[in-house]
Amino acid sequence: MNKETKQCQNCKNNFAIEPEDFAFYEKMQVPAPTFCPECRIIRRFSWRNERSLTRRPCGICKKPVVAIYSETNPFPVYCRDCWWSDKWDSSDYGRDYDFSKPFFSQFMELYNQVPKVNLFGQNNVNSDYSTNVWNCKNCYLCTSTLNCEDIFYSRGMDASFWCGDCLHVSKGNHAYECVDSSNVNSNSFLSDSSDCVNSHFLFDSRNCSDCFMSGNLRNRRFVFRNEQCSEADYREKMAQIQMNSYTMLLSLIEEFEKVKRSSIHRFAKILKSNDCTGNSISNSHNVKDSFYIASDGEHVKYCYRGHHITDAYDSSFVIEAEMVYENLNIGYGATRSKFCTNITYSIHDVSYSDACYTSSDLFGCAGLRDKKYCILNKQYSKEDYEALVPKIIEHMKSTGEYGEFFPTALSPFAYNETLAQEYYPLSKDEVLARGYRWKESDAKKYAITKGSNDLPNDIKDVPDTIIKEVIMCAHKDKDCNEMCATAFRIIPAELELYRKMGLPLPRLCPNCRHFARLQKTVPLKLWKRSCMKPGCINEFETSYAPDKPEIVYCESCYQQEVS
């Protein structure tokens, strides 16, 4: 088919559907989308809550647990042990399909009865306050974290150890406030850097050690504010940098922003890949309009945070999956899944389902394990299932539902509890006008014992008893719109890392710190721009907006200038 331009049913903007897109939709046996790519990712993100946690009792054992679901939802919530036990059976909630009612209303009737697990993730140890973490140990208030140990207040971490307040870091070790970086050891405040050791405040630097406050470094050592030094001179200069002082750290953070603005920015971070557009893509082929795709992505489009994925469109948080479309939180052997959330472990031919595991041939199911040929959690024979599913699809087409992901208005989370608010923020009035839910901040009754202004300026002056204090967030009395917790504690592992790295205590709660880091990353969006090097006329797609101050070069000019 030829390229086609359509108007988004949601935002009314035009978007293009390419011939290769139609080929993929035909292979997946789905209609072309009616929402534009941005509205589709917002709709998926509105079903993922990472930061709005609540304490509630398990619906079976009554043990208090931390959960992503508030008690305003109608369904019961179980602790992980009870949810995975034989104490209940999700098949008990099965029901017949009613062709007189829309599919989504029938699915939500089922969804709102089937118990949910309090937090997502598996094979974790001492990580009871983290969701969407897998194969982790000692991870505290982390999300989207894989194969990590001793991590706190971080997102998008892979194979890392002893890291705090980081965002999108792989193979980090003793790292603090690092963003979009990999293979970093004993570093703090790195941005878009890799293979660095014992360095601080570096932007876009590679294979560096003992460097400070610089940008665009390659294979360097003992560089101080972009000037090469002898080892003795470097040590002498660094002795004057008191990163252990909070007041000095604030001035260094401000200086670093100037360093980043004056450095050259590569139009996109696409490494060891070909025929790709987007940002933060590595070791991949034919990945388009996607972000944070690592390790063997191939034939991927409109995806976010994927590892080892092939033939994937419009899917977010995907690991080891093939032939998937419009999914959220899936992987570890998922194939031919469509319009699903939270399905993992050998899932095949599953559509419009939630929290199903090691199953195949499911349609409109919730909470099933080791099942096959089920519709709305009811068991069918192979023959009856294969006869009924096409009829349901035709019915959904007649109601305009088939081909659409679960609507935001049906999400168990308020819009401002979800990832959608982090990347695509809306005001309360805008949220309510669109028919979504908004959650008012709960009245916090913390017995604050120390104000943020009362904390010692120097980490050397912090007593061991700080871990017993309830500290007021510096944003407590401000309308920061960053899910401010109003108060926070310093956990023992956190204090140990600050002391080891010589860093002062933070003054903001973990949520406010996370939103500050998020502002240091580029948006999940592409603009067409021209290279800013004088005389170059190359054009490209980049996540750097045209009205931003960064100096953005095309690949060839970047390689000439930064080597």
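This text walks through the open and enclosed spaces of one protein model. The model is predicted: local features need pLDDT of at least 70, side-chain atom pairs count only at pLDDT 80 or more, and totals for chains, interfaces and linings use all residues. Residues are numbered from 1 along each chain as its sequence is written, and side-chain values use heavy atoms, with hydrogens and water left out.

Start with the largest pocket. A pocket is an open set of points on a 1 Å grid over the protein atoms alone, with protein on both sides within 12 Å along at least five of seven lines. The largest one holds about 1500 Å³ (the space filled by probe spheres set on the points, which are joined across faces, edges and corners). It has 45 lining residues (an atom within 4 Å of a point). Closest to its centre are Lys-444, Tyr-446, Met-483, Ala-485 and Asn-511. Helix 11 gives the most to this lining, with 3 residues (helices are DSSP runs of H or I, at least four residues; strands are runs of E, at least two; both are numbered from the N terminus).

Now turn to the cavities. In a cavity, a 1.4 Å probe fits but cannot get out. The count comes to 5 cavities of 30 Å³ or more. The largest has a volume of about 210 Å³. Of its 20 lining residues, the closest to the centre are Asn-132, Trp-134, Phe-317, Ile-319 and Asn-329. Strand 27 gives the most to this lining, with 9 residues.

The second largest cavity has about 70 Å³ of space. Its lining includes Glu-177, Phe-189, Phe-256 and Lys-520. Strand 15 (179-191) and helix 6 (246-262) each give two or more residues to that lining.
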